[in-house]
Amino acid sequence: MRILINVVNARNVGGGLQVVHNFLLGTQKYNIPQVTWYYAVSKCLDEVYLDEEFKKNAEDRYFVFPNQPNFMGSYRHVKHQLASLEQDIAPDVIYTILAPSYFSFKGKEVMRFVHPWVVTSNPYAWSTLGGKAKLKMKLHIKLIKTLLKKTNYIITQTEAVKKGLIEQLDMNADNIRVVNNVLPAIYSSMDNSPLPHDSEWVDIPAIGGGEHKNLDIIPEIIHILENKYGIKNYRFHITLPQSSSVLPLIEAKAVKLYVADRIVNHGNMKQNDLALLYRKSMISFLPSVLEVFSASTIEAMYFQLPTVATNLFFNTEVFGDACLYYTPKDAEAAAAQIVKAVTNESLRTSLKQKMTKQLHKFNSFEKYFRDTVDFLMEVGKRETKA
């Protein structure tokens, strides 16, 4: 069976790009003799994430395209190139890992859909957007729904999303497969033991990007830590690209509150570098108000970082009682829980023990990979696009 992986739209997409990278590596790590893999990858993946060994193993089944979508530039040319590639390969199924792809295929396409705004948004999330941003998001959601209707097969991460797709887009339940997120395979072979902490700082990673991550609450939290608790040495680490619309908001607030020295932005980080950051940190902070299934939750558990997170279903489903929760967007409550997590050693020990048990539910990347491939093969064997 021929499967074409379409990831020409993998660029600055944070955790999504890591999911793509891990899956691509899985195609060469796990033996699936029935499948021949073909790769349509973005320039970003080719230049930054995929090494020469991967490309060599892919042989003549590896094709690089300019990062998409680029509607004012290369989009039309890439559209024709992808159509020609599909005709030449004649794949049994196309797997678009980051939906939507903004491209149409004649053959059967499976999209991995995890966009939280489309079918699982909530009032907290909408409140993070201003007037123009809110209107833009509503138009974006409308576009995505239109694009999703062009495909018949979906892989997603939770039953809640599957239910939303069925109810809101009238999709066939048999054509939607739920495959839960898991710890990225690359971490399973990494050392997760803690490294010596900086003697001057308490380092706290807050990983992710986008308005819904609510990272712009961090300057206010730092201000509360100083003025209410007399704490000046808690340092937050974020991973926002310079193109992020949230970064200027964080920087402006930090300057206004005189806390800019306590926020470090690393930009997009490779997983090896992110692992080092986790190992040097004491706790984790996840203020997100909207997710489908955040990889940051699983990463925090793997690196044994007691976590303060919003009390919303996408966190409570994964962490269970192995986390300290607070009401979304409440900086005072978040600050109180952060202080509690840092200063209460016995509490941290208890949370770490609970994390170890929770992680067992999400620690098999091979199962995640094979469950995904099983559905791709199932779709590929179907006679029509149904």
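User: In this predicted model, which residues is phenylalanine 113 in contact with, leaving aside its neighbours within four places in sequence?

Analyst: Skip the neighbours within four places in sequence and you still get a good list for phenylalanine 113. It includes Ala99, Thr156 and Val161. Also in contact with Phe113 are Val118, Val119, Ile144, Leu148, Ile154, Ile155 and Leu165.

User: Which residues touch the most other members of the largest nonpolar core?

Analyst: That core has 50 residues. Helices H5 (116-120), H7 (131-148) and H8 (159-169) are among those that each supply at least two of its residues. A second, separate core of 40 residues includes Tyr49, Ala58, Tyr62 and Ile155. Back in the largest core, the residues touching the most other members are Phe113, Trp117, Leu148, Ile154, Leu165, Tyr187 and Phe319.

User: Is H13 oblique or roughly parallel to H16?

Analyst: Start with the axes: those of H13 and H16 come within 9 Å and cross at roughly 120°. Roughly parallel would need an angle under 35 degrees. So, with that crossing, H13 counts as oblique.

User: How many nonpolar, polar and charged residues are in the contact of H13 with H16?

Analyst: H13 brings Ile298, Ala300, Met301 and Tyr302, while H16 brings Met355, Gln358 and Leu359. Sorted by class, that's six nonpolar, one polar and no charged residues.

User: Is histidine 212 buried or exposed?

Analyst: Histidine 212 sits in the loop between strand E8 (202-205) and helix H10 (218-229). Beyond four places in sequence, its contacts include Trp117, Thr128 and Glu291. Its relative accessible area is 13%, and the cut-off is under 20%, so histidine 212 is buried.

Definitions and conventions
Residues numbered from 1 in each chain as written. Predicted model: local features only at pLDDT ≥ 70, side-chain atom pairs only at ≥ 80, totals over all residues. Heavy atoms only, no water. Core = buried A, V, L, I, M, F, W, Y, C linked by side-chain atoms within 4.5 Å. Buried < 20%, exposed > 50% of the residue type's maximum accessible area, 1.4 Å probe, protein only. Helix = DSSP H or I, 4+ residues; strand = E, 2+ residues; numbered from the N terminus. Contact = heavy atoms within 4.5 Å. Axes fitted to C-alpha atoms, helices over the stretch in contact; angles between N-to-C directions. Parallel < 35°, antiparallel > 145°, perpendicular 65-115°, else oblique. Nonpolar A, V, L, I, M, F, W, Y, C, P; charged D, E, K, R; others polar.
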